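Have your viewer ready, with side chains easy to switch on and a distance tool within reach. We will go from one selection to the next and see what is there.

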Amino acid sequence: MPPQITVLDAGGQYCHLIARRVRNLGVYAEVAPSETPASQLAGRKGIIISGGPASVRAPGSPTVDPAIFDSGTPVLGICYGHQLMAWLLRGNVQKGDHGEYGFALLDLSHRSRLLKGVDGPQQVWMSHFDTVAEPPEGFETLGTTETCTVAAMADEARKLYGVQFHPEVAHTPCGQTILSNFLFDICGCEHDWDPAGQIVQLENHIREVAGNRNIFFFVSGGVDSTVAYTLCLRALGPDRVHGTYVDTGLMRDGETELVRTNFPSLHIEDDSARFLGALAGVTDPEKKRHIIGHQFVEVQQRILESEHYLDGHWILGQGTIYPDTIESGGTAKADLIKTHHNRVAGIQKLIEQGRIIEPLSSFYKDEVRAVGRELGLPDALIERHPFPGPGLAIRCLCSTESVAPEASHEVSKGGWILPVRSVGVQGDERTYRRVLALDKFPAEDEAARLINRIATVNRIVVSVWTARPVEELLAAPASLTAERIERLRRADAIVRRLAHDFDQTIWQFPVVLIPFGTEEKPDAVVLRPIDSVDGMTARAVRMPEDLLQKIVCELQTVEGIAGVFYDLTNKPPATIEWE
Ligand code: XMP
């Protein structure tokens, strides 16, 4: 389906969010590299240039084909896109004295089709350093903020528009109106996109690609592969679609049963003994990942060969979704995930032969959920948070030594450096550092300030409950054992049950086990609820106090648990998972 709108990706973290917002307004949009030649954009009803971290003044920064501004197609530049439009059309872009991050008040000085229905001073979300000091010839300034003389501009005759703020984020309340004005009033787009209404086309597409061949799937139990598998089942029937689910023994409580109940025809391969055996005694986080990846390769290869799926009668179905297919969109992790699950030698061979079907490759996660809902899949499957392929193993931390916590000199009272290390991402580099534990929730932003000050830590947690004072707990040698995985599984199940409603309001909520406790109760639980758009960056979220108390109360009943901590760290500097 040809897109009505193309979002040119200048490297902004919100690029996909723009395309999603456009689609949510019922208009099919796709993302393309910023340098896409104007000739390839012919036929679009409109073009949006995304934000990005670079400065238009820096050599080699992302640019667009300037011919798009003369093509008659309406163009909206957002943030970096706004500056780039000004720069390429010979306006004046200045290096900002200091950036403008967060809320700003937009004062409107001029009417425009773009701002129809937007009146008075408006709260908008800004995140930029450079500013447009003077718009190019032919443009009017539409509005200003305290630090931004050209916060919005328009050349109505040429249908060129720029906004320094981000209309695509929820923090810009008038953003939907602005995008809708651009799509419908300025570009003349039609409603052509309703993901849930695509099911018939998707099924026809599957039948067309498959021809007289059958499809096999490795179903993970996650939303994407489940929806893709269901579509294929509907298109070709259970005789022609084989699905296998590999039980690694590292799944959450009830996971395998849920998959079994929902898909009675799915083949369930119990490989838990194999996975747990290979992980016995391992403590290093990267080694854990490596072993699990290797086990997946072996299991998948064995199934592929034993079932003769490699002959010409079969194609492979995969649950790949849109951000995974776009170079700059998928997270670096997406590549890693594929190495683990979707790129074993046999599968690689099928990919090279073009024997792959990925029915959801132009869908975003929320659209996949809409399709799943329409297909009648249960909410328990559809609404679930992303869950990492290596499962509970990366949330069960290990230790080789016996160490006590130290009082932190940086926190006047009630701060300890815990002898547990976890993975972080600081200045784009992986770090593996200790954790600062506070005895009470700090004032807002204090956690971020403390991390920046204390070089030896990359995470801050609050000690919510401990069986004994924190200074009397110890980190003791611990590896990945069936007993510890089961302990984590029970703790996770409690949190999942009690936080069911809260889960709907956030992006992901890992529950982590750390080897920090007493002799009789050797582990503690860390709660890690976060909000995110794509997992690349994340914000720690505080849960309601009464819910926290309920969770802590029940976690105290789990055998072997000596404490509950609450992770307050954003990503960066910490990763979402602890590893
Ligand atoms: P981090 O911990 O890097 O995680 O901040 C970002 C997001 O990626 C998920 N994740 C994975 N998903 N296989 C997956 O399918 C993996 O190996 C993997 N590692 C991390 C993580 O849960 C979070 O949503």
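Start by selecting aspartate 531, which is partly exposed because its relative accessibility is 27%, a value between the 20% and 50% cut-offs. Keep in mind as you look around that this is a predicted model.

Now add arginine 539 to the selection. The two side chains form a salt bridge, and the closest N and O atoms of aspartate 531 and arginine 539 are 3.6 Å apart. Arginine 539 is also partly exposed, with a relative accessibility of 48%.

While you are looking at charged side chains, select a group: Glu483, Arg484, Arg487, Asp523 and Glu559. Salt bridges with shared partners link these five residues into one network. Side chains of opposite charge can pair when their charged atoms come close. Across the model, the count of salt bridges is 33.

Next, show helix α15, which covers residues 482-498, and pick out glutamate 486 and arginine 489. Their side chains meet in a salt bridge with an N to O distance of 2.7 Å. Both residues sit in this helix, three residues apart, or about one turn. How buried or exposed is each partner? Glutamate 486 is partly exposed, at 35% relative accessible area, whereas arginine 489 has 15% and is buried.

For a pair of another kind, select glutamate 401 and arginine 434. The salt bridge between their side chains has an N to O distance of 4.0 Å. Glutamate 401 is in the loop between α13 (379-382) and β17 (406-407), while arginine 434 belongs to strand β19 (residues 429-438), so the pair ties together parts 33 residues apart in sequence. Colour the two by accessibility: glutamate 401 is partly exposed with a relative accessible area of 41%, and arginine 434 is partly exposed at 23%.

The last stop is threonine 466, in strand β20, which runs over residues 457-466. Is threonine 466 buried or exposed? Its relative accessible area is 18%, so threonine 466 counts as buried, the cut-off being under 20%.

Draw a distance from the side chain of threonine 466 to the backbone oxygen of arginine 468, and you should find 2.8 Å. Then show what surrounds the threonine. Leaving aside residues up to four places away in sequence, threonine 466 touches Leu473, Ala562, Gly563 and Phe565.

Methods. Residues numbered from 1 in each chain as written. Predicted model: local features only at pLDDT ≥ 70, side-chain atom pairs only at ≥ 80, totals over all residues. Heavy atoms only, no water. Helix = DSSP H or I, 4+ residues; strand = E, 2+ residues; numbered from the N terminus. Buried < 20%, exposed > 50% of the residue type's maximum accessible area, 1.4 Å probe, protein only. Polar contact = N/O pair within 3.5 Å; in protein donor to acceptor, adjacent residues only side chain to side chain. Contact = heavy atoms within 4.5 Å.
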